[in-house]
Amino acid sequence: MLVYVWSRRNPYIRMNFFGLLNFQAPFLPWVLMGFSLLLGNSIIIDLLGIAVGHIYYFLEDVFPNQPGGKKLLLTPGFLKMVFDTPEEDPNYNPLPEDRPENQPRDQDQNQQQHPQ
């Protein structure tokens, strides 16, 4: 699934399979499936990954850009709450060691000259 989505998002990348086969990235999932078939493995997992990758790619990248289309796959709110960075507090004053190199002297001098 991940290979399919990556290959569709990078259609102009040229690839080489064992120095024998040159192709563009969108064909990578099919080349890997063919190699799996040559090794005697079942291709059911490969086909399932391609199908799921195609559904995800369509719902995430194609459908929202169509006229009347909208984003159907939304991140659940509790995941956003857990993983998004908190908004910056405008009143936050970082410690001297956390300030960029230009700021400590200027801010410290301003505070010494104009105590609040």
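## Helix 2, its surroundings and the contacts of helix 3

Just after helix 2 comes G40, with a positive phi near 90 degrees. The model described here is predicted. Helix 2 covers residues 28–38, and L28, P29, V31, M33 and S36 in this helix are buried. The cover over these buried residues draws on several elements, including helix 1, strand 1, strand 2 and helix 3.

The overall fold comprises five helices and two strands. Read from the N terminus, the order of elements is α-β-β-α-α-α-α. The protein has 116 residues, and 16% of them are buried. Among contacts with a separation of 6 or more, 25% are between residues 24 or more positions apart.

The two strands pair with each other. Strand 1 spans residues 14–17 and strand 2 spans residues 21–24. The strands run antiparallel and are joined by four bridges. In one of these pairings, N16 has N22 of strand 2 as its bridge partner. Together the strands form a hairpin, with three residues between them.

The turn of this hairpin contains F18. F18 sits in the loop between strand 1 and strand 2. Its backbone is notable: F18 is not a glycine, yet its phi is positive, at about 55 degrees. The F18 residue is also exposed, with a relative accessible area of 62%. That value places F18 over the 50% cut-off for exposed residues.

Helix 3 was examined next. Its 19 residues should span 27 Å at 1.5 Å a residue. The end C-alpha atoms of helix 3 are 25 Å apart, which agrees with that expectation. Five residues of helix 3, G49, I50, G53, Y57 and E60, are buried. Viewed down the helix axis, the buried residues fall within an arc of 115 degrees, so they line one face of helix 3. This buried set packs against helix 1 and helix 2. Turned away from the buried side is a face that carries the exposed residues I44, L48 and I55.

One of the buried residues of helix 3 is E60. The relative accessible area of E60 is 18%. Buried residues are those under 20%, so E60 meets the cut-off. With neighbours within four places in sequence set aside, E60 is in contact with R9, K71 and L73.

Two salt bridges were found. One pairs D61 with R9, and the closest N and O atoms are 2.6 Å apart. D61 belongs to helix 3 (residues 44–62), whereas R9 belongs to helix 1 (residues 2–9), so this pair ties together parts that are 52 residues apart in sequence. R9 is partly exposed, at 43% relative accessibility. R9 is also among the contacts of E60.

The E60 side chain takes part in the other pair. E60 forms a salt bridge with K71, in which the closest N and O atoms lie 2.5 Å apart. E60 is in helix 3 and K71 is in the loop between helix 3 and helix 4 (77–83), so the pair ties together parts that are 11 residues apart in sequence. The two partners differ in burial class: E60 is buried at 18% relative accessible area, while K71 is partly exposed at 41%.

Record annotations were then set against the model. In an unreviewed entry, UniProt places the feature "transmembrane region" at residues 12–32 and 38–59. Residues 12–32 are 24% helix and 38% strand in the model. The end C-alpha atoms of this span lie 18 Å apart. Residues 38–59 are 77% helix and 0% strand. For this span, the distance between the end C-alpha atoms is 32 Å.

Terms used
Residues numbered from 1 in each chain as written. Predicted model: local features only at pLDDT ≥ 70, side-chain atom pairs only at ≥ 80, totals over all residues. Heavy atoms only, no water. Pairing = 2+ DSSP bridges. Salt bridge = Lys/Arg side-chain N within 4 Å of Asp/Glu carboxyl O. Buried < 20%, exposed > 50% of the residue type's maximum accessible area, 1.4 Å probe, protein only. UniProt positions renumbered as here; feature names shortened; annotations may be inferred. Contact = heavy atoms within 4.5 Å. Expected span 1.5 Å × (residues − 1). Arc of directions from axis to C-beta.
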